[in-house]
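Thanks for coming. I have one structure to show today, and I will go through it piece by piece. Please have a look at it first.

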Amino acid sequence: MKKNISILIYENDFFLNSIFNEQFSNIDIYKINLINDHKKLTEVIDQNLFDVFILNFNFSKIIFLNLIEKFETKNKHRNI
């Protein structure tokens, strides 16, 4: 059985979100989750597991570190 790869993408810019979606949606092994609000991003990280996290770095340092820590803890992933 083939496993779908789940990808979480955070990007504020609508245009860039569209580009990401177009690039990844053409391949049927990816399950794409596009987020453009950092509060929603925190909720999604808490509720789901992801194989890949594509992140816009235009965060404050504290918000960024908290998100990375949550992602690592929730997904038990140390290759970040």
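Of the 80 residues in this protein, 28% count as buried. Keep in mind that this is a predicted model. The accessible surface of the protein comes to about 5700 Å², and 54% of that belongs to carbon and sulfur atoms.

Let me start with the layout. The protein has three helices and three strands. Going along the sequence, they follow the pattern β-α-β-α-β-α. There is also a number for how the chain contacts itself: take the contacts between residues at least 6 apart in sequence, and 65% of them join residues at least 24 apart.

Now the strands. How do β1 and β2 pair? They run in the parallel sense, and the pairing covers six bridges. Within it, Leu-8 has Asn-33 of β2 as its bridge partner. β1 also pairs with β3, again in the parallel sense, over four bridges. There, Tyr-10 has Leu-55 of β3 as its bridge partner. So β1 has pairings with β2 and with β3. Five of the six residues of β1 are buried, and therefore the strand is largely enclosed by the rest of the structure.

Stay with Asn-33 for a moment. Asn-33 sits in strand β2, which covers residues 30-35. Is it buried or exposed? Its relative accessible area is 19%, and the cut-off for buried is under 20%, so Asn-33 is buried. Leaving out residues up to four places away in sequence, Asn-33 touches Ile-7, Leu-8, Ile-9 and Phe-50.

On to β3. In a regular strand, side chains alternate between the two faces of the sheet. β3 shows this alternation: Phe-53 and Leu-55 point to one face and are buried, whereas Val-52 and Ile-54 point to the other and are not.

Next, helix α2, residues 38-47. Which of its residues are buried? They are Leu-41, Val-44 and Ile-45. Viewed down the axis of α2, these buried residues fall within an arc of 100 degrees, so they line one face of the helix. As for the general background, an α-helix has 3.6 residues a turn, so residues three or four places apart point the same way. On the face of α2 turned away from the buried side are the exposed residues Lys-39 and Gln-47. Lys-40 is in α2 as well. With a relative accessible area of 41%, Lys-40 is partly exposed. Lys-40 and Tyr-10 are 30 residues apart along the chain, and their C-alpha atoms are separated by 9.8 Å.

That brings us to the core. The largest nonpolar core has 12 residues, among them Leu-8, Tyr-10, Ile-35, Phe-50 and Phe-71. The elements that give two or more residues to this core are β1, α2, β3 and α3. The buried residues of α2, Leu-41, Val-44 and Ile-45, are part of this core. Phe-53 and Leu-55, the buried pair from β3, are in this core too.

Two of the core residues deserve a closer look. Ile-35 touches Leu-8, Ile-9, Tyr-10, Glu-11, Asn-17, Lys-40, Leu-41 and Val-44, not counting residues up to four places away in sequence. Phe-71 is found in helix α3. Its relative accessible area is 3%, so Phe-71 is buried. From Phe-71 to Phe-53 the separation is 18 residues in sequence and 8.6 Å in space, C-alpha to C-alpha.

One contact of Ile-35 was Asn-17, which is in helix α1, residues 14-25. At 8% relative accessibility, Asn-17 counts as buried. Again not counting residues up to four places away in sequence, Asn-17 touches Ile-9, Glu-11, Leu-34, Ile-35 and Asn-36.

Last item: aromatic rings. How many aromatic pairs does the structure hold? It holds one. The rings are those of Phe-24 and Tyr-30; their centres are 5.5 Å apart and their planes are at 85 degrees, so the pair is edge-to-face. Tyr-30 has a relative accessibility of 27% and therefore counts as partly exposed.

That is what I have.

Terms used: Residues numbered from 1 in each chain as written. Predicted model: local features only at pLDDT ≥ 70, side-chain atom pairs only at ≥ 80, totals over all residues. Heavy atoms only, no water. Buried < 20%, exposed > 50% of the residue type's maximum accessible area, 1.4 Å probe, protein only. Contact = heavy atoms within 4.5 Å. Arc of directions from axis to C-beta. Core = buried A, V, L, I, M, F, W, Y, C linked by side-chain atoms within 4.5 Å. Phe/Tyr/Trp six-rings, centres within 6.5 Å; stacked < 30°, edge-to-face > 60°. Areas by Shrake-Rupley, 256 points an atom, 1.4 Å probe, with all protein chains shown as cover. Pairing = 2+ DSSP bridges.
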